[in-house]
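Biologist: Hello, and thanks for sitting down with me. Could you take me through this model one question at a time?

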Amino acid sequence: MRKLYSALLLCLFALPFAAHSQILAWNLNSVTGTPVTTPATTTDANLTGGSALSRGPGVTATSLATAFSGSGWTASSQATAETANTYYQFALSAVTGGSVSLTSLDAWFRRSSTGPNTFQWEYSLDGFSDAGIPVGSVISYTLTTSGGDEQPLIDLSTIT
């Protein structure tokens with residue numbers, strides 16, 4: 001089960017669109033308790049529905065104010081993480097007859113001292129029936145800043 005598994009504790013992240021507008025975003029400032037999923041707070045009209053952020057079955061929901069938190073991150077490599085189903089995921093689809101063109105991925109990470117510190121974004125155009133395709137390089141993030149930290153922008157413009 002390969003999914004977009006950027007095993008991270010999120011504070012806020014968004015997918016910017018042309019002219020840097022957000023087409024899909026999650027603002028987690030009001031998250032409380034241990035939600036199983038959290039809906040997008042911004043969804044462009046050219047997308048169907050709103051994508052929920054969810055965890056893979058290897059991640060246990062945990063409570064952390066203003067974050068979509070999880071525990072169970074025991075993987076020591078990307079292959080192990082995929083086998084253990086330790087990932088976060090979301091999906092997006094264009095409205096019927098429409099299309100979506102993504103230029104970049106903008107993310108804020110927030111992690112606890114016991115959270116994972118290595119991440120890899122992946123995408124799939126077939127629902128991960130085949131292996132996911134890595135986007136950008138592996139991310140090393142070891143900070144535990146309470147408000148999270150903005151990550152370097154990931155260029156998606158070369159993905160057709």
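What follows is a friendly exchange of questions and answers about this structure.

Biologist: What is the mean pLDDT of the protein chain?
Modeller: Happy to start there, since this is a predicted model. Of the residues in the chain, 88% reach a pLDDT of 70 or more. The mean over the protein chain is 82.

Biologist: Over which residues is the pLDDT below 50?
Modeller: Where pLDDT is low, the predicted coordinates should not be read in detail. The stretch in question still has 103 contacts in the model beyond near neighbours in sequence. It covers residues 1-19.

Biologist: How many strands are there in the protein chain?
Modeller: Read from the N terminus, the elements run β-β-β-β-β-β-β-α-β-β-β-β-β-β. That gives one helix, and the number of strands is 13.

Biologist: What share of contacts between residues at least 6 apart in sequence join residues at least 24 apart?
Modeller: Some context on the chain may help here: buried residues make up 39% of its 160 residues. The exposed surface is about 8,100 Å², with carbon and sulfur atoms supplying 53% of it. As for the contacts you ask about, the share is 63%.

Biologist: What is the strand order in the open sheet of three strands?
Modeller: Strands of a sheet pair through backbone hydrogen bonds, either parallel or antiparallel. Here β3 and β5 (residues 52-55) run antiparallel and are joined by three bridges, while β5 and β8 pair in the antiparallel sense over two bridges. The order is therefore β3-β5-β8.

Biologist: Which strands stand at the edges of this sheet?
Modeller: An edge strand here has a single partner strand, so one of its sides is left without a neighbour in the sheet. The strands that fit are β3 (37-39) and β8.

Biologist: Which residue in β8 is the bridge partner of Ser 54?
Modeller: On the β3 side, Pro 39 stands opposite Ala 52 in β5. On the β8 side, the bridge partner of Ser 54 is Gln 89.

Biologist: Is Thr 38 buried or exposed?
Modeller: Thr 38 is placed in strand β3. Beyond neighbours within four places in sequence, its contacts include Trp 26, Leu 28, Val 31 and Phe 68. With a relative accessible area of 8%, Thr 38 is buried.

Biologist: How many residues does the largest nonpolar core have?
Modeller: In soluble globular proteins, nonpolar side chains tend to be buried together. In this model, residues with the most contacts inside the largest core include Leu 24, Trp 26, Phe 109 and Trp 121. β2 (21-27), β9 (104-109), β10 (118-123) and β11 (133-140) each supply at least two residues of this core. The number of residues in the core is 23.

Biologist: How many aromatic pairs does a search of the whole structure find, and why is the pair of Trp 73 and Tyr 88 edge-to-face?
Modeller: The search finds five aromatic pairs. For Trp 73 and Tyr 88, the ring centres are 5.5 Å apart, and planes over 60 degrees apart count as edge-to-face. Trp 73 lies in the loop between β7 (69-71) and α1, and Tyr 88 in strand β8, so the pair ties together parts 15 residues apart in sequence. The angle that makes the pair edge-to-face is 65°.

Biologist: How many residues apart are Phe 109 and Tyr 141?
Modeller: These two also form an edge-to-face pair, at 5.7 Å centre to centre and 80° between the planes. Phe 109 is in strand β9 and Tyr 141 in the loop between β11 and β12 (149-150). Both are buried, and the separation along the chain is 32 residues.

Biologist: What is the phi of Asn 85 near?
Modeller: Most residues other than glycine have a negative phi. Asn 85, in the loop between α1 and β8, has a positive value. Asn 85 is buried, with a relative accessible area of 16%, and its phi is near 55°.

Biologist: How far apart in space are Thr 86 and Arg 55, C-alpha to C-alpha?
Modeller: Thr 86 lies in the loop between α1 (78-83) and β8 (88-89), and at 3% relative accessibility Thr 86 counts as buried. In sequence, Thr 86 and Arg 55 are 31 residues apart. In space, their C-alpha separation is 7.4 Å.

Notes:
Residues are numbered from 1 along each chain as its sequence is written. Side-chain values use heavy atoms; hydrogens and water are left out. Helices (H or I, at least four residues) and strands (E, at least two) are DSSP runs, numbered from the N terminus. Buried means under 20% relative accessible area, exposed over 50%, partly exposed in between (1.4 Å probe, protein chains only). pLDDT is the predictor's confidence in each residue, from 0 to 100. Contact means heavy atoms within 4.5 Å. A nonpolar core is a set of buried Ala, Val, Leu, Ile, Met, Phe, Trp, Tyr and Cys residues joined through side-chain atoms within 4.5 Å. Accessible areas come from the Shrake-Rupley method with a 1.4 Å probe; for residues, only the protein chains shown count as cover. Rings of Phe, Tyr and Trp (its six-membered ring) pair if their centres lie within 6.5 Å; planes under 30 degrees apart count as stacked, over 60 as edge-to-face and the rest as tilted.
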